[in-house]
Amino acid sequence: ITLTNVTRWFLTCVNQPQFVKLGFVCVCVCVCVCVILRSVFSHSGKPKTEAQLKKEAKNREKLEKFQQKKKMEEKKKQEKKLAKPEKKDLEVISYDVPTPPGEKKDVLSPLPDSYSPQYVEAAWYSWWEKQGYFKPEYGVRLSLSLCISYGRVSVSRIPLHLGHALTNAIQDCLTRWHRMRGETTLWNPGCDHAGIATQVVVEKKLMRERGLSRHDLGRDQFIQEVWKWKNEGGDRIYHQLKKLGSSLDWDRACFTMDPKLSNAVQEAFIRLHEDGVIYRSKRLVNWSCTLNSAISDIEVDKKELTGRTLLPVPGYKDKVEFGVLISFSYKIEGSDEEVIVATTRIETMLGDSAVAVHHADPRYQHLKGKMVLHPFCDRMMPIVFDEFVDINFGTGAVKITPAHDHNDYEVGNRHNLAFINILDENGLLINVPAPFLYTPTSPGTVHSHYIFKESKDNPMVVPVCSHSKDIVEPLLKPQWYVDCADMGKQAADSVREGRLKIIPDHHHKTWFNWLDNIRDWCISRQLWWGHRIPAYFVTVNDPSVTPGEDMDGHYWVSGRTGEEARDKAAKRFNVSTDKITLRQDEDVLDTWFSSGIFPFSIFGWPNETQDLSVFYPGTLLETGHDILFFWVARMVMMGLKLTGKLPFKEVYLHAVVRDAHGRKMSKSLGNVIDPLDVITGISLEGLYTQLQDCNLEPVEVEKAKQGQQSDYPTGIPECGTDALRFTLCAYTSQGRDINMDVNRILGYRNFCNKLWNAVKFAMRTLGGNFVPSEKAQRVRRWILSRLCTAVGLCNAGFQAYDFPAITTAIYNFWLYELCDIYLESVKPVFSRAEEDSGSQSQAVVCRQTLFTCLETGLRLLAPIMPFVGEELYQRLPRRRSQDDRSSIHVTPYPETEDVDRQMELMTVVRTIRSLRADYKLTKTRADCEFIYDHKSILQASTAHYTVSQSHLMTVCQTNICFFPSEIVSLFPVSTTTFPFQSLSQGLIDLEKEVAKLTMKKGELEKTMDKLRKKMDKSDYKEKVLVKVQDLDVEKLRQSQTELEKATEAIDNYKRMV
């Protein structure tokens, strides 16, 4: 039998009717038979040789060993999994002592066993508020020093996200720090009305719940619906701010639609209009066809496309094509020659009024003075020569549509071209030939016409409305504008001359770039919710007066009332008031207009109020760098123009908060997190539920759910306000975006628990009869020197707005220096004092020092962690000089004392502990000695430090020996003050360590070489993101440091061999 015959037999069998009836099972059997037979005849029927049989046996043996090894690994994995203790859920403890709002919290009951945000944060805020701690009048000194910070957020019904939480955490830290320094401090809260965002939300709600549009209701009734929606929210944002611990003066809270601020907005418009700064003009605006309104640049998202892409557009059933470059031709008048032009918006060719080429392009010099013919109408269009044209783009010839493109608009003005509007407010075609009239914009007809040449992929940026997701259309509309030329120059000069300070200063470039090239500001919005523009179009019922046009500013007057406007019009046209008919502009002002006058409108401007004279101008504005121009620059311009003063002296700009993956916060991604959900915790189902109130489309809701499932599979655990604030401040590296990871917040919650346990230990140690001395003792000053250093770093950090430096100083002092070192070192002292009366005096000194560290350390962290700071401070006894300080937040912030800083014992301890961990010397008393020069210790002792051999041995859990260091050459672990050496006594395999370090050194050198090659490329700085470049520099620096350490260690080990 041969393999060929078996195959033929098999095929014959499976094709028999009997086999077909037996079905799949028989076929499988036959296949198996075939495989077996193939195996049998795999060597053409020859028997296997001895070598082949040995090889097969060896392979089987290897396979068996491999399978046994896999089984053992799996078994170990299972055992390890079972042995691993289950992660305990964070304990939630509630504060259940009945405490009326505004009354002081019970601080006599024992502290719970562990830290719980729910317990700690209860009752304090309402008490602070009732005591008046947040008011500038509290504890006013004769020497008036002001720190004014402005808190502005969107309409109170739209919730804050973590980006807002960052803003408020920083503002509150600064406010509390200035307040604790004894400065008269005001942090004024306020909400703007968020014109477009609010109107969109309410319109969607009306359509979803009642099937009505705003036009069905009418303007007055729709505005009532907006007020109703806002009031039903119960000032949700203010509730969030209070939960965040924001120490705002709530009696001064204001809303941009309140009468006081509305009056200021009206007055500002009228004064600027009368001065000619505000004027009427017909220009291109960013138009949202869905909203039927102009929108600002900040409300336009730039969607980058790499090539042909189909995008969903509101109002279109099918997706619309973008990202293609279409070429078509225009015939030259009087010849057969044609000019091929290229465009990414072919549909706008119906509004073309010229073709432009570069004046230096040799290909088109012969066309000077020539005209081209539009193929769909009898329009003759000139060929113009302009430097705007890029010779290398497409054919070097471009179509010009002045009424629908910002660059073309400028070309049209330079060459006096026709401005042909072909789109109405809904995005339908108008003023075009019949086949296209009142149809949505579409390139289809042109594609099929003889003028079409080609279509190819083309990278482009598509402007998308952030509210409606509609494509933003440049549209010619008569609007109100603010002339910004002079105001912009003044604002730029204020920074150049040093009168206004912007921090960090690398934002100066952006500031000057915007203000030195500023365009006039369009302040009209085609909305109903907002400040209706106090301008009136004048119709004069007199044949001697020529009727005016809407875009003619001469026929517009402004007034505080209709009567005032009528009087102005009558005077202007020299007629009696009864011949004047007025029509108030239907539009409202841009929300940024009312926000621009916020620093002085909140104090009653234009009235000369006491608050205005005392608190304006302010000291500080803190906000995100993304609104440097939209808000900060406009406040500066409006302040200088309307009050003659800068609204503030300093501007601190923080980074933008992104999610853990570096993505911008977006509801559709499901990564917009309510700070309250981080504070109190929320399940994954709870996050899903919140999406239902976000006005997202069903597809976006599902996408957001997937994002939440990926990032928060078990929801968000309760982290607490203090941990959230501490994390936000720790992340705030100047000039960098913040990638927020909820797990990091959880880490700082554990830090709060460390504080909690430290104070609980101290309270037991101090005892009920402890009375703190008025001044800190000079003995045990090494821990006080570390405290002094932390105080200096914190104050310097606040002054420089370096919040990571502040949090690092606080964290290091509490965790590494106080808890890890000092508390461990004094435990034996307290133990001996209980048995030996001679040691009691030393214990008394330790208690005084411990109290000083705790009390000062709590004041140090109070601006950042207000709740846990207050809770623990209230449990400590007080010095007599501070008996009148009822709250930690009105005690003085610690200042640096002139104490000795040379003691570096904690560095020694840290180094010894690190070595023990590195070499797994985990026994309580490892047979490893650390030898140091006792002369150094004696010198340190004269500087009021007390160091004992037994204390060091306790803290380090290692033998500490007093020997002259020069007696032996060993591996150094020295500090600036103490030369330490380590003696391994055979516990460390030196040759193995050298081999391991040599391998590590080689890997580091490879990494550094690879990084340097990457960074040395000619296009590295142009192509690589700045953020990635910074990471590469940091990685190279760290690798270099590690390489130096490894090289030094290898040399030391070799000397020890």
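Buried here means under 20% relative accessible area, a cut-off worth keeping in mind for the close-ups below. The model shown is predicted.

**View 1. Strand β14 and its partner β11.** In strand β14 (residues 397-400), Ala397 and Lys399 point one way, while Val398 and Ile400 point the other way. All of these residues are buried, Lys399 among them. This is a nice example of a general pattern: in a regular strand, side chains alternate between the two faces of the sheet. Strand β11 (residues 354-357) pairs with β14 in the antiparallel sense, over 4 bridges. To find your bearings in the pair, look for Val355, which stands opposite Lys399 in β14.

**View 2. Helix α25 against helix α30.** Two packed helices are described by the angle between their axes and the distance between the axes. Here the axes of α25 (residues 721-731) and α30 (residues 866-873) come within 7 Å and cross at roughly 125°, so α25 is oblique to α30. On the α25 side the contact involves Thr721, Asp722 and Arg725, which meet Pro866, Phe867 and Val868 of α30. Sorted by class, the residues of this contact are 3 nonpolar, 1 polar and 2 charged.

**View 3. Helix α7 against helix α25.** Helix α25 also meets helix α7 (residues 162-180): their axes come within 9 Å and cross at roughly 90°. That crossing makes α7 roughly perpendicular to α25. From α7, the residues Leu162, Ala165, Leu166, Ala169, Asp172, Cys173 and Arg176 take part, and they meet Leu724, Arg725, Leu728 and Cys729 in α25. The contact of α7 with α25 has 8 nonpolar and 3 charged residues, with no polar ones. Arg725 is worth a second look, as it appears in the contact with α7 and in the contact with α30.

**View 4. A three-stranded sheet with a helix packed on it.** This open sheet of 3 strands has the order β22-β21-β23, with antiparallel pairing. Its edge strands are β22 (556-558) and β23 (580-584), each of which pairs on one side only. From one strand to the next, the twist averages 40°. Strand β21 (residues 535-540) runs antiparallel to β23, and 5 bridges join the two. Within that pair, Val540 stands opposite Ile580 in β23. Helix α12 (residues 259-274) packs on the sheet and touches β21 and β22, its direction making about 130° with that of β22.

**View 5. Two buried loop residues, Asn458 and Phe376.** Asn458 is found in the loop between β15 (452-457) and β16 (460-465). With a relative accessible area of 14%, Asn458 is buried. Setting aside residues up to four places away in sequence, Asn458 touches Thr306, Gly307, Gly323, Val324, Leu325 and Thr344. Phe376 has its place in the loop between β12 (371-373) and β13 (380-385), and it counts as buried because its relative accessibility is 16%. Phe376 and Pro435 are 59 residues apart in sequence, and their C-alpha atoms are 9.7 Å apart in space.

**View 6. Cysteines Cys377 and Cys853.** Cys377 counts as partly exposed, at 23% relative accessibility, whereas Cys853 is buried at 0%. A disulfide is a covalent bond between the sulfur atoms of two cysteines. Taking sulfur atoms within 2.5 Å as the criterion, the count of disulfides comes to 0.

Conventions: Residues numbered from 1 in each chain as written. Predicted model: local features only at pLDDT ≥ 70, side-chain atom pairs only at ≥ 80, totals over all residues. Heavy atoms only, no water. Buried < 20%, exposed > 50% of the residue type's maximum accessible area, 1.4 Å probe, protein only. Pairing = 2+ DSSP bridges. Axes fitted to C-alpha atoms, helices over the stretch in contact; angles between N-to-C directions. Parallel < 35°, antiparallel > 145°, perpendicular 65-115°, else oblique. Contact = heavy atoms within 4.5 Å. Nonpolar A, V, L, I, M, F, W, Y, C, P; charged D, E, K, R; others polar.
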